[in-house]
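Reader: I am new to this structure and would like a close look at one part of it. Please take the largest nonpolar core, and then show what lies around it.

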Amino acid sequence: MDALTRPARVEIAALLKKLAPGSADTYNQRACYLNEFLKFLTEVLELPEERIQAGDLVDLDYAGVWLQAAGNGYTRQRRRPGGPEAAEASQAARRATFNAFAQHLRMPQRLVVEWPARAGLPVEESRRIVTELADSRPAATTTAVWERTSALAAMRFSTGRPVSQLAAVLVTDLDLEADVPTVVLGGRMYPLDDLAVRTAKRWLDTHMRLTSQLEGGEVTALWITTRPGRPRFGEPARHPYLPCSFRALWAAHHAVTSRLLAKPTRIGQLTAPDPDEIVEARRRRRPAPPTAPPPLSADERRRALEKAGEVRRERAQLLSDLKSGQVRIGAVLAREDRIVGMTRVRRLVEALPSTGPAGAAKILKALGVDGDRRLQGLSEQQRLELLRLCSSAAAVTSAVPDAGPIAG
């Protein structure tokens, strides 16, 4: 059978199969407009789809009527913010799709394609818009739609990738806790700046809250719908909180920026900064690794050991004097030198006269602090409470002749 006489649906599927390994943008565009052309012909010719042949889709007369109807908004499935008429870019994409299908069938028919010029915004202007969008919710926009739109815009600004590619991101493609947070797009990792990380975390919290209401499997798509869809072509409305199409994401961005900035801003106008700038900014804020102390000479090490030994001897003598009653606990706690400050609370309590490990454990439990804490780490209130407990224990011990250690 000649390719021109095969059913149009068969040849459309064959072309899309060849395009599948390539750009997702091109694949989606060709699928959208070829299906639109086929549906248009079934209505105009009043024929069932299986009667439309591939050759009908490369007929220049049919194509002319299709383009005119599309330009007048006849083929639109939803209202465009700028009006029902087709935009110049979509008309150019329809002509390019016609040419691609004709080339697939090895036919010479071609339409002239003139793409409109699209100037992107400067990086700083893009940054200002994305920041304002992330920090300000328009009054007529729901919180969930605003959080999703601001996260998408921030990710677009950070990566520079188109919405059609961002729409396929999964929750597992994000790594927001790394030193340099990233998102995987098309098998490649892109760094995310602070704004993208902040808005993505905010949206993930909402994503988890919304999808927890669903029964069944987990929704792994990052972008989900926030309300039920509209019934289309006799089919029931889609359930909310399911994966969102890139057309819905684009329309939501257009609507939110229109309300916030008083004029629509295409998400494709946002210009991304150099990825190296994002990485460098993250690394500058990373805490510096701890530096190793400078090596000591043999003489410096000897003096340090001697000083440490002297401190230990003085602390041991102080605790011995406390044990024998030559020094009172109040005098010890009143000192603020390093010898007392570095003493552990447990050692001090166990050094009290007639107080063993069981009695010390009882005092520490009443004090409510870890025995390994050092005295310099206690607050003034804790020092006063320690003095009271130790004084009470000493009073009980002195009141009982030949009393042993405080019972635990």
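Author: What follows describes that core in a predicted model, then a buried acidic residue, and then some of the salt bridges.

The largest nonpolar core has 45 residues. Within it, the residues with the most contacts are Met155, Leu174, Val183, Leu192, Leu222 and Trp223. Several elements supply at least two residues each: helices H5 (123-135), H6 (143-159), H7 (163-166), H8 and H9 (246-261), together with strand E2 (182-185). The most comes from H6, which gives nine residues.

Trp223 shows what such a position looks like in detail. Leaving out residues up to four places away in sequence, Trp223 touches Arg148, Ala151, Leu152, Met155, Leu166, Ala167, Val169, Trp203, Leu242, Pro243, Cys244 and Leu249. Another core lies apart from the largest one; this other core has 25 residues, including Ala8, Ala31, Phe37 and Val58.

Cys244, one of the residues touched by Trp223, is buried, with a relative accessible area of 8%. Cys32, by contrast, is partly exposed at 33%. The structure holds zero disulfides.

Asp193 sits in the loop that runs between strand E3 (188-191) and helix H8 (194-211). Asp193 is buried but has no salt bridge, and the nearest side chain of opposite charge, that of Arg127, is 4.8 Å away. A polar atom of the Asp193 side chain does lie 2.9 Å from the backbone nitrogen of Ala196. Beyond its neighbours within four places in sequence, Asp193 is in contact with Phe157, Ser158 and Ile278.

Elsewhere, charged side chains do pair up, and the structure holds 15 salt bridges. One of them joins Arg94 and Glu36, with N to O at 2.7 Å. Arg94 belongs to helix H4 (residues 88-104) and Glu36 to helix H2 (residues 24-44), so this pair ties together parts that are 58 residues apart in sequence. Arg94 and Glu36 are both buried.

Helix H5, which contributes to the largest core, also carries salt bridges between its own residues. Glu125 and Arg128 form one, with their closest N and O atoms 2.8 Å apart; these two are three residues apart in the helix, which means a separation of about one helical turn. Arg128 forms another with Glu132, at 3.0 Å between the closest N and O atoms, and that pair, four residues apart, is likewise separated by about one helical turn. Each of the three is partly exposed: Glu125 at 31%, Arg128 at 41% and Glu132 at 27%. Finally, a network of salt bridges links Asp299, Arg302, Arg303 and Glu306.

How values were computed: Residues numbered from 1 in each chain as written. Predicted model: local features only at pLDDT ≥ 70, side-chain atom pairs only at ≥ 80, totals over all residues. Heavy atoms only, no water. Buried < 20%, exposed > 50% of the residue type's maximum accessible area, 1.4 Å probe, protein only. Lys, Arg positive; Asp, Glu negative; His and termini not counted. Salt bridge = Lys/Arg side-chain N within 4 Å of Asp/Glu carboxyl O. Polar contact = N/O pair within 3.5 Å; in protein donor to acceptor, adjacent residues only side chain to side chain. Contact = heavy atoms within 4.5 Å. Disulfide = S-S within 2.5 Å. Core = buried A, V, L, I, M, F, W, Y, C linked by side-chain atoms within 4.5 Å.
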